[in-house]
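Visitor: I'd like a close look at one small part of this structure, with enough of the rest to see where it sits. Pick a residue and take me through it slowly, please.

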Amino acid sequence: MSEHFDQLLRHSPLGILCDLDGTLVPFAPTPEEAVPDEAVKSLVKRASALRNVTFVIVSGRTRDFLEQHFQGTYLIAEHGAFRRGDGAWEPLRDEPVELANLAVRLDELLLRYPKASVERKSAGLVLHYRRLSRGDREAFVVEATALLDKIPLLKPNPSTLAIDVRPAYLQKSTAVPWVREHCGNGARLLAIGDDLTDEHMFGALEVGDDAIVVRHGETRRTKARWEFQETGQVMAFLEELVALREGLRTTVTALPKAVELRPRGRAAAQSLLVVSNRLPSMRSAKDGRPESVGGLVSALGPALQKRGGLWLGWNGKTIDDDEEPVPALEGDFSPGLLGLDLKERWYRDYYNGFCNKVLWPLFHIFPSRVRFAHSGWLAYEEVHRVFADAAVNAVAPDGTVWAHDYHLLLLARDLRARGHTGPIGHFLHIPFPPPDLFEMLPWHREILDAMLSFDLLGFHTPGFMRNFLATVGSLHPARVSDEGIEYQDRRTRTGVFPIGILPGDYKNAEAPEFAEEIEGLLRILGPAKLVLGVDRLDYTKGIPERLLAFGSLLERYPEFRTKVSLLQISVPSRADVTDYAEQRSQVEEIVGRINGQYGEAHWVPVRYFYRAYEQAQLAHLYRAASVGYVTPLRDGMNLVAKEYVAAQSEDDPGVLLLSRFAGAAVELREALLTNPYDIDGMADDLRRALTMPLEERRDRHAKLLARVYGSTAATWGEAFLGALAACR
Ligand code: ADQ
């Protein structure tokens, strides 16, 4: 046995704080199925009887559950809300936690996600979503978090496929001083646990104490110094420990391994680093293909895969404001993903604040939706410094860095300040606004200065690039010429790189496991022609206008009633920003109005789904739709337009009805272009699409398909990286 553990395990008094689920008891699909077996119970009983050892189960479970399985053991229930030593249960605080006003809204949520379940406790609740399909999980978390955030007393924490909801003060860290007090003077503590709630317990330990994390294959950052992979190893270790203290053995061999520090060496060797606000969620390393909702992922995957680069971004988790984020490799993916936590303050002020309430609406020309806050700008700068620190540690000093989107406009400035000498490029996935709008930004000069630290700035369309050059020309002293933009001793080039898709994924998408649901949906829709809208639920996508135009079609051209149905699929997005929540209610209200006004016993004019679908399911729907109804008020590119084209049958293709304000309209000139601000005009265009003769449809589609194949996600990545290399 290592000297370290020899001393710790023989120490008296010794306190052992042990989590239950995922630590002693393996995970099961539902909490009811995860119960301690006889082996666990008997081990806990023996551990509780040891002299000079205080063995405590520290769990999120209820008092009743723990009591039912463990008698004569010290117990901590509901993450510290109740504790029981030798006497009766004591509450941590006397005040009750008010959950009543949540119940109805939770019931509504569970009706829509019947495979999710809620576990109610006296001091909070747990939403379990392990049994949802992968496609539904993200949407569920977005919706549930939005719902729970409205109750300031409660704090949701999406941990291992369950969302723990409880008052912010209820953390397992409260167990640590209680156990230390029970142990008496000179105690050393050993804490064992597997999830983020246990990290609070680890964080409250003192010098001389120790912690073991149970990984379950994950590689997230931990405060523990030691690790096991699974519950069986914890059991073996505790069995030996108990036998050692009982005098039945002289050594413990089933010891944990030391947690490896962040593999800096591997990251530092990278010659290409992609940086985006959000890391993608990925499938297993075996097929290595990205799986996520959002255009960026499908576009970047191929370029990175080819070069074996690393991708740095937010891992989707938040930490308390007093904690510091430490970059850590996420999972075992190719390309490697280097994840960063965001402090809650950054999530609020940087992500939802400056990014989503300032840059997003301003760049999409919705100035009335912009909400300036100076705290947002400060957070924007601060997060850039954090990303820059992580980036310089992850890439060779002369390596290539490719930053993405409006979340990272300052990155090159901060990388240069840290001595990075390699090429740094930026691609903007959304429009760039005209100068008079950009000037509304109180920090326009700082942002332009910082953008001119990039070697290459890429845009989707010539129009966005012209807006940028005009903005520099009117608001900045830099010199704009054919050679690029010169400022101080630097030159920045600009270029147009229209992003594409991987068309083969939509052409031949076959996934029998998902087909049944879509076929069922199409059966319900019946023989009516299908008009299809697919978007993130975002006010830039023009969903209310699209619905109103459909209503106008039914009103002014009654011959279409019962002959055509609109299916609108919206994936939940930024649901915790007010404008997005309002957009959702507005869309639901218009759908209800149209259906109430025109619906008949056997025909529902509009079907609306607020959820994500698998890519293969979308391809199936695209193919079934007579019209791809893609009508954003403004959009950087819009990949749905290209996906719709790729999925059509060449013999009998549908018609792409496309907003002239989508970046895609520049390339996809043979689509039927429409103006989404003109509702009746759009209804007329929809009518034209629905009645277009087969020959014209084929002719337009063939040309569109050639364009979609001519400029794909892969050629886009290569073109940008090639141009970036050529800058030097
Ligand atoms: P987005 O605004 O996210 O991207 P878009 O280009 O249309 O918009 O990409 C959306 C992606 O999400 C598509 O691949 C689509 O299939 C998928 N999706 C949408 N709804 C879905 C649903 N219900 N279920 C599953 N998948 C769904 C930003 C810019 C765009 C730009 C891209 C890429 O706003 O203008 O085209 O980046 O640069």
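Guide: Let's agree on one term before we start: a strand here is a DSSP run of E that is at least two residues long, and strands are numbered from the N terminus. Keep in mind as well that this is a predicted model.

With that in hand, take serine 117. This serine sits in strand β6, which runs over residues 117-121. The cut-offs help with its surface: under 20% relative accessible area is buried and over 50% is exposed, with partly exposed in between. Serine 117 comes out at 24%, so it counts as partly exposed. Once you set aside neighbours within four places in sequence, the residues in contact with serine 117 are Leu110, Val126, Leu127 and His128. For a sense of distance, try valine 392: 275 residues separate serine 117 from valine 392 in sequence, and their C-alpha atoms are 43 Å apart in space.

Now zoom out to the chain around it. The protein chain divides into domain 1 (2-92 + 171-258), domain 2 (100-167), domain 3 (265-283 + 292-496) and domain 4 (504-710). Serine 117 has a number that falls within domain 2. As for the spread of the whole thing, 54 Å lies between the C-alpha centres of domain 1 and domain 4.

Aspartate 210 makes a good foil for our serine. It also belongs to a strand, in this case β11 (residues 210-214). With a relative accessible area of 3%, aspartate 210 is under the 20% cut-off and therefore buried. Its neighbours, not counting residues up to four places away in sequence, are His4, Leu8, Leu189, Leu190, Ala191, Leu205, Arg225 and Trp226. With one of these, tryptophan 226, the aspartate 210 side chain makes a side-chain polar contact of 3.0 Å. Glycine 247 is 37 residues away from aspartate 210 in sequence, and the C-alpha to C-alpha distance is 23 Å.

A few loops are worth a look for their backbone. Proline 13 lies in the loop between α1 (3-10) and β1 (14-18), and the peptide bond leading into it from serine 12 is cis, with omega near -10°. Asparagine 52, in the loop between α2 (38-48) and β2 (53-58), has a positive phi near 60° without being a glycine. Its relative accessible area is 47%, which makes it partly exposed. Isoleucine 365 also has a positive phi, about 65°, and isn't a glycine either. You'll find isoleucine 365 in the loop between α11 (344-363) and α12 (374-394), partly exposed at 29%.

On to the interior. Nonpolar side chains tend to be buried together in soluble globular proteins. Here the largest nonpolar core holds 69 residues, and Tyr350, Phe363, Leu411, Leu441 and Phe468 have the most contacts inside it. Domain 3 and domain 4 each give at least three residues to that core. Leucine 411 shows what the packing looks like: beyond its neighbours within four places in sequence, it is in contact with Val275, His384, Phe387, Ala388, Val401, Ala403 and Phe454. A separate core of 52 residues includes Leu639, Tyr644, Ala662 and Cys727.

Then there's the ligand. The residues around it number 25, and those that come nearest are His429, Tyr613, Asp635, Met637 and Glu643. Glutamate 643 puts a polar side-chain atom 2.5 Å from a ligand oxygen. Glycine 636 uses a backbone N or O atom, 3.0 Å from an oxygen atom of the ligand, and histidine 460 has a polar side-chain atom 3.2 Å from a ligand oxygen. On its own the ligand has 720 Å² of accessible area, and the protein covers 93% of it. Two or more residues of the surrounding shell come from each of β24 (529-536), β25 (564-571), α21 (615-624) and α22 (639-647).

Last stop: aspartate 699, in helix α25 (residues 694-710). Like serine 117, it is partly exposed, in this case at 42%. Proline 653 is 46 residues from aspartate 699 in sequence, with 9.6 Å between their C-alpha atoms.

Key
Residues numbered from 1 in each chain as written. Predicted model: local features only at pLDDT ≥ 70, side-chain atom pairs only at ≥ 80, totals over all residues. Heavy atoms only, no water. Core = buried A, V, L, I, M, F, W, Y, C linked by side-chain atoms within 4.5 Å. Buried < 20%, exposed > 50% of the residue type's maximum accessible area, 1.4 Å probe, protein only. Domains from an automatic or database assignment. Contact = heavy atoms within 4.5 Å. Near = heavy atom within 4 Å. Polar contact = N/O pair within 3.5 Å; in protein donor to acceptor, adjacent residues only side chain to side chain. Areas by Shrake-Rupley, 256 points an atom, 1.4 Å probe, with all protein chains shown as cover. Helix = DSSP H or I, 4+ residues; strand = E, 2+ residues; numbered from the N terminus.
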